[in-house]
Amino acid sequence: MAPKSIRVCLSPALLPFYPLDDTIAVVIDIFRATSSICYGLANGAKAIIPVAEVEACLAYRGNGHLLAAERDGEVVTGFDFGNSPFSYTADKVGGKTVVLTTTNGTRAIQWSAGATAVVAGSFLNISALSRWLQSQNHHVLMVCAGWKNQFSLEDTVFAGALANRLNTGGIELDDAAHAAESLYLEAKDNLKAYLSKASHSKRMQRLNIDADISFCLQQDTVSVIPIMNGHELVRLAETT
(Lines give C-alpha, C1' and ligand atoms only; values in the text may rest on other atoms or scores of the structure.)
Protein backbone atom coordinates (compact mmCIF):
# COMPACT_ATOMS: atom_id res chain seq x y z
CA MET A 1 0.00 0.00 0.00
CA ALA A 2 0.91 3.65 -0.20
CA PRO A 3 -0.67 7.00 0.63
CA LYS A 4 -3.27 8.15 -1.87
CA SER A 5 -1.92 11.70 -1.89
CA ILE A 6 0.36 13.96 0.13
CA ARG A 7 -0.79 17.43 1.09
CA VAL A 8 0.73 20.07 3.33
CA CYS A 9 -1.34 22.58 5.29
CA LEU A 10 1.07 25.45 5.95
CA SER A 11 -0.98 26.92 8.80
CA PRO A 12 -3.82 25.68 11.03
CA ALA A 13 -5.80 28.69 9.78
CA LEU A 14 -5.99 26.91 6.41
CA LEU A 15 -7.36 23.64 7.82
CA PRO A 16 -11.02 24.45 7.03
CA PHE A 17 -10.09 24.33 3.34
CA TYR A 18 -8.84 20.72 3.49
CA PRO A 19 -11.14 17.70 3.48
CA LEU A 20 -10.24 15.36 6.35
CA ASP A 21 -12.20 12.26 5.37
CA ASP A 22 -10.05 9.25 4.43
CA THR A 23 -7.07 11.26 5.68
CA ILE A 24 -4.30 10.76 8.20
CA ALA A 25 -3.38 14.12 9.72
CA VAL A 26 0.26 14.41 10.77
CA VAL A 27 0.53 17.34 13.15
CA ILE A 28 3.96 19.01 13.15
CA ASP A 29 5.28 21.38 15.80
CA ILE A 30 9.03 20.78 15.68
CA PHE A 31 9.95 23.50 18.21
CA ARG A 32 8.69 21.87 20.44
CA ALA A 33 5.32 20.28 21.16
CA THR A 34 5.27 17.25 18.85
CA SER A 35 8.96 16.56 19.51
CA SER A 36 8.31 16.51 23.26
CA ILE A 37 5.17 14.39 22.80
CA CYS A 38 7.16 11.78 20.87
CA TYR A 39 9.93 11.84 23.46
CA GLY A 40 7.57 11.66 26.42
CA LEU A 41 5.65 8.66 25.13
CA ALA A 42 8.92 6.94 24.25
CA ASN A 43 10.00 7.51 27.85
CA GLY A 44 6.98 5.73 29.24
CA ALA A 45 4.33 8.40 29.66
CA LYS A 46 0.98 6.63 29.84
CA ALA A 47 -0.72 9.27 27.69
CA ILE A 48 -0.54 12.93 26.78
CA ILE A 49 -3.78 14.90 26.67
CA PRO A 50 -3.51 17.93 24.36
CA VAL A 51 -5.78 20.85 25.24
CA ALA A 52 -6.05 24.22 23.55
CA GLU A 53 -6.30 26.55 26.53
CA VAL A 54 -4.58 27.04 29.87
CA GLU A 55 -7.95 26.94 31.64
CA ALA A 56 -8.71 23.53 30.12
CA CYS A 57 -5.38 22.26 31.41
CA LEU A 58 -6.11 23.59 34.91
CA ALA A 59 -9.39 21.68 34.94
CA TYR A 60 -7.37 18.46 35.32
CA ARG A 61 -5.69 19.62 38.55
CA GLY A 62 -6.12 17.29 41.50
CA ASN A 63 -6.54 13.99 39.65
CA GLY A 64 -2.91 12.88 39.65
CA HIS A 65 -1.99 14.10 36.16
CA LEU A 66 1.06 16.23 35.41
CA LEU A 67 0.05 19.64 34.06
CA ALA A 68 2.23 21.23 31.38
CA ALA A 69 1.62 24.66 29.89
CA GLU A 70 3.67 26.85 27.54
CA ARG A 71 2.91 30.25 26.09
CA ASP A 72 5.23 32.27 23.87
CA GLY A 73 8.06 29.82 24.52
CA GLU A 74 7.94 30.00 28.33
CA VAL A 75 6.48 27.81 31.07
CA VAL A 76 3.22 29.21 32.44
CA THR A 77 3.59 30.02 36.12
CA GLY A 78 2.08 27.42 38.44
CA PHE A 79 2.41 24.43 36.10
CA ASP A 80 4.68 21.40 36.47
CA PHE A 81 6.60 22.21 33.27
CA GLY A 82 6.16 23.42 29.70
CA ASN A 83 7.03 21.75 26.42
CA SER A 84 10.80 21.43 26.59
CA PRO A 85 11.80 17.86 25.69
CA PHE A 86 14.14 17.86 28.69
CA SER A 87 11.04 17.84 30.90
CA TYR A 88 9.78 14.61 29.33
CA THR A 89 12.41 12.21 30.66
CA ALA A 90 11.53 8.78 32.03
CA ASP A 91 12.06 9.81 35.64
CA LYS A 92 9.55 12.66 35.26
CA VAL A 93 6.82 11.23 33.02
CA GLY A 94 7.17 7.45 33.24
CA GLY A 95 3.76 5.91 34.01
CA LYS A 96 2.12 9.34 34.18
CA THR A 97 -0.52 11.11 32.12
CA VAL A 98 0.50 14.61 31.05
CA VAL A 99 -2.05 17.28 30.22
CA LEU A 100 -0.39 19.68 27.78
CA THR A 101 -1.31 23.06 26.34
CA THR A 102 1.02 25.00 24.05
CA THR A 103 0.89 28.14 21.97
CA ASN A 104 0.49 26.31 18.67
CA GLY A 105 0.86 22.53 18.63
CA THR A 106 -1.97 21.39 20.87
CA ARG A 107 -4.43 23.63 19.07
CA ALA A 108 -3.38 22.13 15.73
CA ILE A 109 -3.93 18.63 17.14
CA GLN A 110 -7.43 19.50 18.32
CA TRP A 111 -8.35 21.24 15.07
CA SER A 112 -7.32 18.11 13.12
CA ALA A 113 -9.79 15.95 15.04
CA GLY A 114 -12.03 15.26 12.02
CA ALA A 115 -9.35 13.19 10.27
CA THR A 116 -9.41 9.40 10.03
CA ALA A 117 -6.37 9.37 12.34
CA VAL A 118 -4.27 12.09 13.97
CA VAL A 119 -0.60 11.41 14.68
CA ALA A 120 2.34 13.52 15.85
CA GLY A 121 5.45 13.89 13.74
CA SER A 122 8.97 15.03 14.58
CA PHE A 123 12.51 14.46 13.41
CA LEU A 124 12.87 12.20 16.47
CA ASN A 125 10.48 9.62 14.99
CA ILE A 126 10.64 10.42 11.27
CA SER A 127 11.71 6.95 10.04
CA ALA A 128 9.15 5.03 12.11
CA LEU A 129 6.46 7.50 11.05
CA SER A 130 7.45 7.27 7.38
CA ARG A 131 7.32 3.48 7.39
CA TRP A 132 3.90 3.45 8.99
CA LEU A 133 2.48 6.05 6.61
CA GLN A 134 3.83 4.08 3.65
CA SER A 135 1.79 1.10 4.87
CA GLN A 136 -1.46 3.10 4.94
CA ASN A 137 -3.91 3.57 2.09
CA HIS A 138 -5.21 7.01 3.05
CA HIS A 139 -4.50 10.56 2.04
CA VAL A 140 -1.78 12.15 4.17
CA LEU A 141 -2.21 15.73 5.31
CA MET A 142 0.70 17.31 7.14
CA VAL A 143 -0.56 20.05 9.43
CA CYS A 144 2.12 22.60 10.26
CA ALA A 145 1.34 24.15 13.64
CA GLY A 146 3.14 27.35 12.67
CA TRP A 147 3.31 30.31 15.03
CA LYS A 148 -0.04 31.88 15.96
CA ASN A 149 -1.51 30.79 12.60
CA GLN A 150 1.45 32.14 10.63
CA PHE A 151 3.89 30.19 8.45
CA SER A 152 6.70 28.39 10.27
CA LEU A 153 9.96 27.50 8.53
CA GLU A 154 10.91 24.57 10.77
CA ASP A 155 7.51 22.86 10.54
CA THR A 156 7.46 23.27 6.76
CA VAL A 157 10.99 21.88 6.38
CA PHE A 158 9.97 18.82 8.38
CA ALA A 159 6.87 18.41 6.20
CA GLY A 160 9.21 18.48 3.22
CA ALA A 161 11.46 15.86 4.78
CA LEU A 162 8.50 13.57 5.34
CA ALA A 163 7.12 14.24 1.84
CA ASN A 164 10.54 13.40 0.42
CA ARG A 165 10.49 10.01 2.13
CA LEU A 166 6.91 9.26 1.09
CA ASN A 167 7.29 10.48 -2.49
CA THR A 168 8.28 7.17 -4.04
CA GLY A 169 6.56 7.78 -7.37
CA GLY A 170 2.95 7.63 -8.44
CA ILE A 171 1.73 9.65 -5.45
CA GLU A 172 0.17 13.05 -6.03
CA LEU A 173 1.72 15.92 -4.08
CA ASP A 174 -0.04 19.26 -3.81
CA ASP A 175 1.81 22.51 -4.45
CA ALA A 176 2.57 23.08 -0.77
CA ALA A 177 4.08 19.60 -0.50
CA HIS A 178 6.32 20.28 -3.50
CA ALA A 179 7.37 23.62 -1.99
CA ALA A 180 8.05 22.02 1.40
CA GLU A 181 10.14 19.30 -0.22
CA SER A 182 12.18 21.90 -2.06
CA LEU A 183 12.87 23.73 1.21
CA TYR A 184 13.94 20.49 2.86
CA LEU A 185 16.32 19.62 0.01
CA GLU A 186 17.91 23.04 0.42
CA ALA A 187 18.17 22.63 4.20
CA LYS A 188 19.01 18.96 4.67
CA ASP A 189 22.81 19.15 4.70
CA ASN A 190 22.79 21.38 7.79
CA LEU A 191 19.34 21.65 9.31
CA LYS A 192 20.38 23.64 12.36
CA ALA A 193 22.25 26.26 10.35
CA TYR A 194 19.39 26.57 7.88
CA LEU A 195 16.74 26.83 10.59
CA SER A 196 18.77 29.31 12.65
CA LYS A 197 17.10 32.03 10.59
CA ALA A 198 13.64 30.83 11.57
CA SER A 199 11.79 33.30 13.78
CA HIS A 200 11.02 30.66 16.40
CA SER A 201 14.68 29.62 16.53
CA LYS A 202 15.58 33.22 17.28
CA ARG A 203 12.81 33.41 19.88
CA MET A 204 14.14 30.30 21.63
CA GLN A 205 17.70 31.60 21.49
CA ARG A 206 16.59 34.80 23.25
CA LEU A 207 15.03 32.60 25.95
CA ASN A 208 18.34 30.70 26.33
CA ILE A 209 16.80 27.40 25.25
CA ASP A 210 19.03 26.81 22.26
CA ALA A 211 19.72 23.29 23.56
CA ASP A 212 16.07 22.44 22.82
CA ILE A 213 16.66 23.31 19.16
CA SER A 214 19.55 20.87 18.84
CA PHE A 215 17.56 18.19 20.64
CA CYS A 216 14.51 18.57 18.40
CA LEU A 217 16.60 18.29 15.23
CA GLN A 218 17.99 14.86 16.14
CA GLN A 219 16.73 12.16 13.81
CA ASP A 220 15.42 8.71 14.71
CA THR A 221 16.08 8.76 18.43
CA VAL A 222 12.67 7.16 19.13
CA SER A 223 10.38 4.75 17.31
CA VAL A 224 7.10 5.70 18.96
CA ILE A 225 4.24 7.07 16.85
CA PRO A 226 1.82 9.12 18.99
CA ILE A 227 -1.79 8.73 17.84
CA MET A 228 -4.99 10.24 19.14
CA ASN A 229 -7.23 7.74 20.92
CA GLY A 230 -10.29 9.61 22.07
CA HIS A 231 -8.91 12.72 23.76
CA GLU A 232 -5.48 11.25 24.49
CA LEU A 233 -2.28 10.75 22.53
CA VAL A 234 -0.98 7.24 23.12
CA ARG A 235 1.70 5.02 21.57
CA LEU A 236 0.55 3.49 18.28
CA ALA A 237 3.52 1.21 17.74
CA GLU A 238 7.24 0.84 18.12
CA THR A 239 9.33 -0.44 15.27
CA THR A 240 12.94 -1.44 15.02
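Student: How many aromatic pairs does a search of the whole structure find?

Tutor: The model is a predicted one, and the aromatic pairs in it were sought over the whole structure. A pair of aromatic rings is described by the distance of the centres and the angle of the planes. The search of the whole structure ends with a count of four.

Student: Which kind of aromatic pair do Phe86 and Phe215 form?

Tutor: The two ring centres of Phe86 and Phe215 are 5.1 Å apart, and their planes meet at 65°. Because planes over 60 degrees apart count as edge-to-face, the pair of Phe86 and Phe215 is edge-to-face.

Student: How many residues apart in sequence are the parts that the pair of Phe86 and Phe215 ties together?

Tutor: Phe86 belongs to the loop between strand S5 (74–75) and helix H3 (90–93), whereas Phe215 belongs to helix H10 (residues 210–216). Phe86 is partly exposed at 39% relative accessibility, while Phe215, at 12%, counts as buried. The pair therefore ties together parts of the chain whose separation in sequence, in residues, is 129.

Student: What is the angle between the ring planes of Phe123 and Phe158, and why is the pair edge-to-face?

Tutor: The ring centres of Phe123 and Phe158 lie 5.0 Å apart. Planes over 60 degrees apart count as edge-to-face, so the pair of Phe123 and Phe158 is edge-to-face with its planes at 90°.

Student: Where in the chain do Phe123 and Phe158 lie, and are these residues buried or exposed?

Tutor: Phe123 is in the loop between strand S7 (117–121) and helix H5 (126–134), and Phe158 is in helix H6 (residues 153–166), so that the pair links distant parts of the chain, 35 residues apart. Phe123 has a relative accessible area of 0%, and for Phe158 the value is likewise 0%. With the limit set at under 20%, Phe123 is buried and Phe158 is buried.

Student: Which residues form one aromatic cluster?

Tutor: Phe86 and Phe215 form an edge-to-face pair, and both belong to a cluster that also includes a tyrosine. The cluster is made up of Phe86, Phe215 and Tyr39.

Student: Which residue lies over the face of Tyr194?

Tutor: A charge counts as sitting over a ring if, among other conditions, it is within 6 Å of the ring centre. For Tyr194 the distance from the ring centre is 4.1 Å, and the residue over its face is Lys197.

Student: Why is Cys57 in no bond with the closest cysteine sulfur, and how far away is that sulfur?

Tutor: A search of the whole structure finds zero disulfides. The cysteine sulfur closest to that of Cys57 is in Cys38, and it is too far for a bond because the distance is 19 Å.

Technical notes. Residues are numbered from 1 along each chain as its sequence is written. This is a predicted model: local features need pLDDT of at least 70, side-chain atom pairs count only at pLDDT 80 or more; totals for chains, interfaces and linings use all residues. Side-chain values use heavy atoms; hydrogens and water are left out. A disulfide is a pair of cysteine sulfur atoms within 2.5 Å. Rings of Phe, Tyr and Trp (its six-membered ring) pair if their centres lie within 6.5 Å; planes under 30 degrees apart count as stacked, over 60 as edge-to-face and the rest as tilted. Helices (H or I, at least four residues) and strands (E, at least two) are DSSP runs, numbered from the N terminus. Buried means under 20% relative accessible area, exposed over 50%, partly exposed in between (1.4 Å probe, protein chains only). A charge sits over a ring if NZ of Lys or CZ of Arg is within 6 Å of the ring centre and within 35 degrees of the ring normal.
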